[in-house]
Amino acid sequence: MENILWNVKTDKVLSLIKEGKRADERKLDEYRSISITKNISENADGSAKVKLGDTEVYAGVKMMPGTPYPDNPDQGTISVGAELMPLASPEFEVGPPREKAIELARVVDRCIRESKTVDFKSLCVREGELVWIVFIDTYVSNYDGNAFDATSIAALAALNLVQIPKLEDDKIVKGEYTGKLKISKQPLLSTVAKIGGKLVSDPTLVEEKAMEARFSCGTVDDTIMCAFQKGEAGSFTVEEIDECIDRSFKNSKEIRKLV
Amino acid sequence: MEEKKDEVVVEHKKKIVVVPGELITDERKKLGQHVFIENGKVYSDTLGLSYPSSSVAYVVPLSGRYLPQRDDLIIGIVERLTMKGAMVNINSIYSCYLSADSVRDKLELGTIVSAKVDSVNETNEADLFDTRVFFGGEIISVTPSKVPRMVGKNGSMLSVLKEGTGCNLLVGRNGWVWAKDGDTAKLVKALRLIEKEAHFDNLTVKVEAFLKGKKVK
């Protein structure tokens, strides 16, 4: 189900953006306010809640012992899951994840995995037999656009807090930890939407309804990129992509101070 | 359900916050919205404000979906076209059917209409009459339970808003405000101010000061 009100509001958004303005009076490259609450869950090994404007995302990290992949016997792994809860938006429904949720999980996974922030070799307990698997589960509980950035911030904030549980006879001892998981880099996604031929950072829900194309860029620090994702049917010119990447570096630098 | 809540008397009365299931009164009173009777006593069915000194037992919910009532002036958006008319989203739990014969203008997806509620059945589906089609303008969403404060005593707040922003304005009881021309950005800010401070007295004075650019405490 789609709310007709959003479609009515897109006209206003388009006409404002053509003048270089936005409905909530932000600049075109400005983010909404971000608030991060850390350690929200007792049972998770690391958890965080992020509010990006009205978009709200919960992230929890759980470390579980498991068998390694046959081609990488000395490496642990990560797994990112994303759920768009039905209470977040009338568009989302219960049941197996749809295209949007799968894309969200994959893009956030790619950003964290390709940044090499978690050293997979350090997750190995016994080569070929037992490794740690880091499950990063994220839940979007209120959707007002730009779930990519909010989820990536939440996942990173939760990862930064992860403590490695104690193992005894290959089983987890509840409530006991052996130390913190080493996070060497701080990868973050930053999304730019193209609306009416102009580039707009951190699109809201109505702006997402009006956008032609979307470009997310994952940055590791001030100089290194680690992931890209382009979405929707529209296109970007080479100059626009350069501008998107510049903005990603600039915005992620600010957000990195909060995480 | 016929009893309309008295928007005028509300402002200077003592009000208390009630939770669902809380006793409103054990006296015999006229019943308003969001109350139910059990063993001869009146209880609230929602989280909201109750007015003990009022002659009508009712609760004004703090938030929640709009439930249509007879004679409400509402704003709707055409969301689906059917053979002989259109389904209109009225920001409630159900959409309304609007016959193409009842309006002169052509109905299209996204057309904004205003209408009055003719009747409401037991499942809160509404019939509309007195439909008018609007061209242009934009829709601002507000909390439906705060709408009476946006209209004010005899429309006092409405005239303040119109004067202060220069907008053509229609406030729908269902929490949608249609606005055209004028300073709509300022109007949105004023409406948010009313929403935030809806439970305070002398709101019209405050909003008037806000629209004139004075600092609001």
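What percentage of the 259 residues in chain A is buried? The share is 40%. Keep in mind as you read on that this is a predicted model.

**Chain A as a whole**

Chain A is built from five helices and twelve strands. Its C-alpha atoms fill a box of roughly 65 × 40 × 30 Å along the principal axes. A compact globule with 259 residues would have a radius of gyration near 18 Å, and the 19 Å of chain A agrees with that. Of the contacts in chain A with a separation of 6 or more, 69% link residues that lie 24 or more positions apart.

One hairpin is easy to pick out. Strands β11 (residues 213–219) and β12 (residues 225–231) of chain A run antiparallel and are joined by six bridges. Five residues lie between β11(A) and β12(A) in this hairpin. A:Thr219 is placed opposite A:Met225 of β12(A).

Now for a proline in a loop. A:Pro68 sits between β3 (55–66) and β4 (77–84) of chain A. Is A:Pro68 buried or exposed? A residue counts as buried when 20 or more other C-beta atoms lie within 10 Å of its own. A:Pro68 has 23 C-beta neighbours inside 10 Å, so it counts as buried. Leaving aside neighbours within four places in sequence, its contacts are A:Pro73, A:Gln75, A:Gly76, A:Gly128 and A:Val131. A:Ala158, by contrast, is 90 residues from A:Pro68 in sequence and 23 Å away in space, C-alpha to C-alpha.

**Where chain A meets chain B**

The contact between the chains takes six residues from chain A and eight residues from chain B. On the side of chain A that touches chain B, the residues divide into three nonpolar, one polar and two charged. Helix α1 (residues 4–18) of chain A lies across β9, β10 and β12 of chain B, and runs at about 95° to β9(B).

**Sheets of chain B**

The strands that α1(A) lies across, β9, β10 and β12 of chain B, belong to an open sheet. This sheet has five strands in the order β11-β10-β9-β12-β13 (chain B), with antiparallel pairing. β11 (96–99) and β13 of chain B stand at the edges with a single partner strand each, so one side of each has no neighbour in the sheet. From one strand to the next, the twist averages 45°.

A second open sheet has three strands in the order β1-β6-β8 (chain B), again with antiparallel pairing. Its edge strands, β1 (16–18) and β8 (59–61) of chain B, each pair on one side only. Here the twist averages 35° from one strand to the next.

The table sets out one strand pair from each of these sheets, together with the chain A hairpin.

| Strand pair | Sense | Bridges | One set of partners |
|---|---|---|---|
| β11(A) and β12(A) | antiparallel | six | A:Thr219 and A:Met225 |
| β9(B) and β10(B) | antiparallel | four | B:Leu81 and B:Ala86 |
| β6(B) and β8(B) | antiparallel | three | B:Gly48 and B:Pro61 |

**A helix of chain B**

Which residues of helix α2 (residues 156–165) of chain B are buried? They are B:Met157, B:Val160, B:Leu161, B:Gly164 and B:Thr165. Viewed down the axis of α2(B), these buried residues fall within an arc of 100°, so they line one face of the helix. An α-helix has 3.6 residues a turn, so residues three or four places apart point the same way. The buried residues of α2(B) pack against α1 (147–151), β15 (168–171), α3 (184–196) and α4 (203–211) of chain B. Just after α2(B) comes B:Gly166, with a positive phi of about 70°.

**Positive phi outside glycine**

Most residues other than glycine have a negative phi. Two residues are worth a look here. A:Asp170 is not a glycine, yet its phi is positive, at about 65°. A:Asp170 belongs to the loop between β7 (163–168) and β8 (171–180) of chain A, and is exposed, with 10 other C-beta atoms within 10 Å. B:Asn124 also has a positive phi, near 65°. B:Asn124 is in the loop between β12 (112–120) and β13 (126–134) of chain B. With 14 C-beta neighbours inside 10 Å, B:Asn124 counts as partly exposed.

Technical notes:
Residues are numbered from 1 along each chain as its sequence is written. Chains are lettered from A and ligands numbered from 1 in the order in which they are written. This is a predicted model: local features need pLDDT of at least 70, side-chain atom pairs count only at pLDDT 80 or more; totals for chains, interfaces and linings use all residues. Helices (H or I, at least four residues) and strands (E, at least two) are DSSP runs, numbered from the N terminus. The radius of gyration is taken over C-alpha atoms; the globule rule is 2.2 Å times the number of residues to the power 0.38. A residue is buried if 20 or more other C-beta atoms lie within 10 Å of its own, exposed if 12 or fewer, and partly exposed in between; C-beta atoms are placed from the backbone. Two residues are in contact if their C-beta atoms, placed from the backbone, lie within 7 Å. Ala, Val, Leu, Ile, Met, Phe, Trp, Tyr, Cys and Pro count as nonpolar, Asp, Glu, Lys and Arg as charged, and the others, Gly among them, as polar. The arc is that of the directions from the helix axis to the C-beta atoms. Two strands pair if DSSP finds at least two bridges between them. Axes are lines fitted to C-alpha atoms, for helices over the stretch in contact, and angles run from 0 to 180 degrees between N-to-C directions.
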